[in-house]
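Me: Could you take a close look at one part of this structure with me? I'd love a connected walk through a single sheet and what surrounds it.

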Amino acid sequence: MNKIFVIDDERYTLDFFEALLMDDKNIMVYKYDSPLKALEDIDKIYPDLVITDILMPEIDGLGVLDYIIKNYPDITVILITAYASIEKAVEAIKKGAFDFITKPFDDLEEVTVRIKKALENSQLKTELKNLQENIKEVYGIENIIAKSKQMLDILSLIKKIASINSNVLITGESGTGKELIARAIHSLSDRRNNRFLPVNCAAIPENLYESLFFGYEKGAFTGAYTNKKGYFEEANGGTIFLDEIAETTLNFQAKLLRVIQERTIKRLGSSNIVNVNVRIIAATNKNLKEEVAKGSFREDLYYRLNVIKIEVPPLRERKEDIPYLVEYFVKKYSKEFCKNIKKISSEFYKFCYEYEWPGNVRELENVIERCVALEDGEVLTDKYLPNELSQVDIKRIKPYKIAKEEFEKDYIRKLLMISGNNMSEAAKFAKIDISTLHRKINKYLKK
């Protein structure tokens, strides 16, 4: 049911709109000859549309408009005006009124159409408000599960940096929640009402970087049949999240550096400079310092992105968070799958705590989704754990870094034994540079 307030000190106007809309069963008209009374009732009734006269003794229509825009910005307003006060109606449109209707109301169809369009606008505002609330619910900082000191420190840092525009670099293994942190920063910032645009840099072919990020003009290349905005223009006023930034090419890195320095872009096929106001949050699961040393990442870009760094620890290093994550995901998927899971077994908790979770929070969520989907009882047990996980002796699993170092150490020993300690032969057997072999020997065998 659409609720419409009509405010006018003339009885004729109130009766006119009531009669005009009375046949529409989806509309309820509330008539007010006092704007003060109407404003008092807004909280109780919360109309979808307010139609108000401009010239009234208590408060004029512009005053009503100002009050609604300030306190109820999602309510749509139409002004009623006589031909002599068209200038005030235009002023009202500039202030935020949706439309104005002129007296006398000669064209009934036109008046009806304007009201219908205003109600459609009100519906769009409501949908947008609900969408923003849903986004906040899904991506807000309150949905980052944090009980460990490492994660609590990260939440504190997020709150500190959200309101500034400095670039942020988020590092951490795959599945640790880097994008969730980026979204939380955006949702707390002044940019939250503008777009958050996530881009997976690893998924973009090298020959498409420029056209996708900077856009293009019609005719810039074969197939460019129309003008197209790039990612930076689409995210203007908001935040762009560059995931897997280490996978970009050196050529693109140079262009990205220029965007950061000058805050401008040029579309392909155009000489016009476009100003962009975008906050950049980048993320990677690689060590960018090492990538710089290898020559695969620009050092100047690294320092431009690494203004504020957030290192997200892997799940195995913040096991205090695991019980809370388990409970959160069990509740989430119980609701989604209409399950009646009231308890989580100690065996399930034990597995979750002792397993190393190489896929981090993402892997944990996927496992719990599977188990909840298959569980028929009220207690979540470990019987539906994936076979490849449940059959692993989890107590014997070592962290990847330690296991890798142990393998390399043993491999180098055997390599030298087979080659008779001949460095050149050993390097040939291993198909590595002799300088690499020297580094490995110094690292593992000369401690």
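Reply: Happy to! Let's start from one pair of residues: Thr171 stands opposite Thr284 in strand S11. Keep in mind that this is a predicted model. The strands involved in this part of the sheet are S6, residues 168–171, and S11, residues 279–284, which run parallel and are joined by 4 bridges.

From there we can step back to the whole sheet. It is open and has 5 strands, in the order S7-S8-S11-S6-S12, with parallel pairing. At the edges sit S7 (196–200) and S12, each of which pairs on one side only. On average, neighbouring strands of this sheet are turned by 20° against each other, direction ignored.

Now for the helices that lie across these strands. Helix H6, residues 149–161, lies across S6, S11 and S12 and runs at about 155° to S12. Angles over 145 degrees count as roughly antiparallel. Helix H7, residues 178–188, lies across S6, S7, S8 (239–243), S11 and S12, and its direction is at about 160° to S7.

A good place to see how these pieces come together is Ile310, a residue of strand S12, which spans 308–311. Is Ile310 buried or exposed? Its relative accessibility is 1%, so Ile310 counts as buried, the cut-off for that being under 20%. Which residues does Ile310 touch, leaving aside its neighbours within four places in sequence? Its contacts are Ile154, Leu157, Ile158, Ile161, Val168, Leu169, Ile170, Thr171, Ile181 and Ile185. If you match those numbers to the elements, Ile154, Leu157, Ile158 and Ile161 fall in the range of H6. Val168, Leu169, Ile170 and Thr171 belong to S6, while Ile181 and Ile185 lie within H7. One of these partners, Val168, is 142 residues away from Ile310 along the chain, yet the C-alpha atoms of the two are separated by 7.5 Å.

That brings us back to where we began: Thr171, which stands opposite Thr284, is also among the contacts of Ile310. On your screen, try centring the view on Ile310 in S12, then follow S6 across to S11 along the bridges that join them. With H6 and H7 switched on as well, you can trace how both helices lie across S6, S11 and S12.

Definitions and conventions
Residues are numbered from 1 along each chain as its sequence is written. This is a predicted model: local features need pLDDT of at least 70, side-chain atom pairs count only at pLDDT 80 or more; totals for chains, interfaces and linings use all residues. Side-chain values use heavy atoms; hydrogens and water are left out. Helices (H or I, at least four residues) and strands (E, at least two) are DSSP runs, numbered from the N terminus. Buried means under 20% relative accessible area, exposed over 50%, partly exposed in between (1.4 Å probe, protein chains only). Contact means heavy atoms within 4.5 Å. Two strands pair if DSSP finds at least two bridges between them. Axes are lines fitted to C-alpha atoms, for helices over the stretch in contact, and angles run from 0 to 180 degrees between N-to-C directions.
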